[in-house]
Amino acid sequence: MKQLHEKVNIVPVIGKADTLTPEECVEFKANVMKEIDFHDIKIYQFPVDEFDEEEEAQDLQAQLPFAVVGSNTMLDINGKKLRGRMYPWGIAEVENPDHCDFIFLRNLLIRTHMQDLKDVTNNVLYENFRCNKLAAVTSVSLDSKLASSNRNPLAQFEIEKKEHQERLKNMKAGMEKVMEEKVKEKMTKMEEQKNELKLKHDQALKHLEKMKKEIEAKRTELREAQKSFDELQLASGVTVNNSTSSLNSTKDKISGKKTKSTKKLF
């Protein structure tokens with residue numbers, strides 16, 4: 001507030017006033033105004049003219065800071081729409097002057113004093129700010145003119161030349177420094193990308209080598225399995241041949257016996 005009170009209109013406000021009892025609200029208002037007076041902070045002063053009564057302005061000034069309650073809920077109370085907050089102990093109405101100062105603040109900002117707020121901002125606050133800035137610039141220029149008026153023109157030219165060269169030198173040094181920092185940043189980034197690519201390449205080689213070993217192991221395993229299968233098949237073929245020979249010899253013996261039996265019958 002100290003940094004703003006000379007640039008903008010300040011209307012002190014206490015938010016969430018429904019969290020305070022009436023006695024606490026009055027005490028809190030008094031403490032806020034004491035702090036404002038203690039720190040010499042300028043707040044908006046209500047104007048008194050021929051159309052406004054002085055008592056009305058004093059009443060509004062006495063209301064500061066405005067204790068307000070906000071709500072975006074419409075309540076239906078006995079068939080009447082009210083904006084407020086529902087509590088177990090009752091209702092805090094936003095637009096009820098007995099509950100909060102919202103209606104005074106609303107009237108101040110958008111009805112009764114809006115134009116005066118604009119006029120004070122434009123004609124007083126801005127003009128004071130502009131005058132202070134111009135006064136500061138004028139005082140600096142006057143001091144420089146008084147100092148330069150007592151110098152030799154050639155000496156003044158040399159001084160200005162040296163100052164200009166010094167500024168150019170500083171600008172060049174600053175640009176070189178910025179360029180050097182950008183080059184270093186670019187080189188660091190490129191080095192990081194290089195290291196990252198190298199790491200990915202090494203990981204890919206390791207993965208490829210691992211897959212190669214796994215394929216070789218599977219190939220060896222397949223060869224061993226094929227060899228075992230061939231040996232088993234070979235052994236199975238010999239056994240089958242032997243069994244076939246035995247079966248054929250048995251059939252021949254049986255056929256011979258049948259022939260002899262037939263001959264005996266005849």
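**Aromatic pairs, a hairpin and a surface patch**

F46 is buried in this predicted model, as its relative accessible area is 8%. Its neighbour in our tour, Y44, counts as buried too, at 3% relative accessibility. Let us look at how their rings meet: the centres lie 5.4 Å apart and the planes stand at 75 degrees, so this pair is edge-to-face. Y87 and W89 make a stacked pair, because their planes are at 5 degrees, with ring centres 4.9 Å apart. The count of aromatic pairs comes to 2. As for exposure, Y87 is partly exposed, with a relative accessible area of 26%, while W89 counts as exposed at 59%.

From here, step over to the strands. Strand β4 covers residues 80–87 and strand β5 covers residues 90–93; the two run antiparallel and are joined by 4 bridges. They form a hairpin, with 2 residues between them. Which residue of β5 is the bridge partner of G84? That partner is E93.

Now for the cysteines. How many disulfides does a search of the whole structure find? The search finds 0. C25 is in no disulfide, and the nearest cysteine sulfur, belonging to C100, is 9.4 Å away. A disulfide would need the two sulfur atoms within 2.5 Å. C25 counts as buried, because its relative accessibility is 13% and the cut-off for buried is under 20%. C131, at 43% relative accessibility, counts as partly exposed.

Finally, turn to helix α5, which spans residues 153–265 and holds M187. On the surface, M187 joins M179, V183 and M190 in a nonpolar patch. Together these residues have about 410 Å² of accessible area.

Definitions and conventions:
Residues numbered from 1 in each chain as written. Predicted model: local features only at pLDDT ≥ 70, side-chain atom pairs only at ≥ 80, totals over all residues. Heavy atoms only, no water. Patch = residues over 30% accessible without salt bridge, like charges linked within 9 Å, V, L, I, M, F, W, Y side chains within 5 Å. Areas by Shrake-Rupley, 256 points an atom, 1.4 Å probe, with all protein chains shown as cover. Salt bridge = Lys/Arg side-chain N within 4 Å of Asp/Glu carboxyl O. Pairing = 2+ DSSP bridges. Buried < 20%, exposed > 50% of the residue type's maximum accessible area, 1.4 Å probe, protein only. Phe/Tyr/Trp six-rings, centres within 6.5 Å; stacked < 30°, edge-to-face > 60°.
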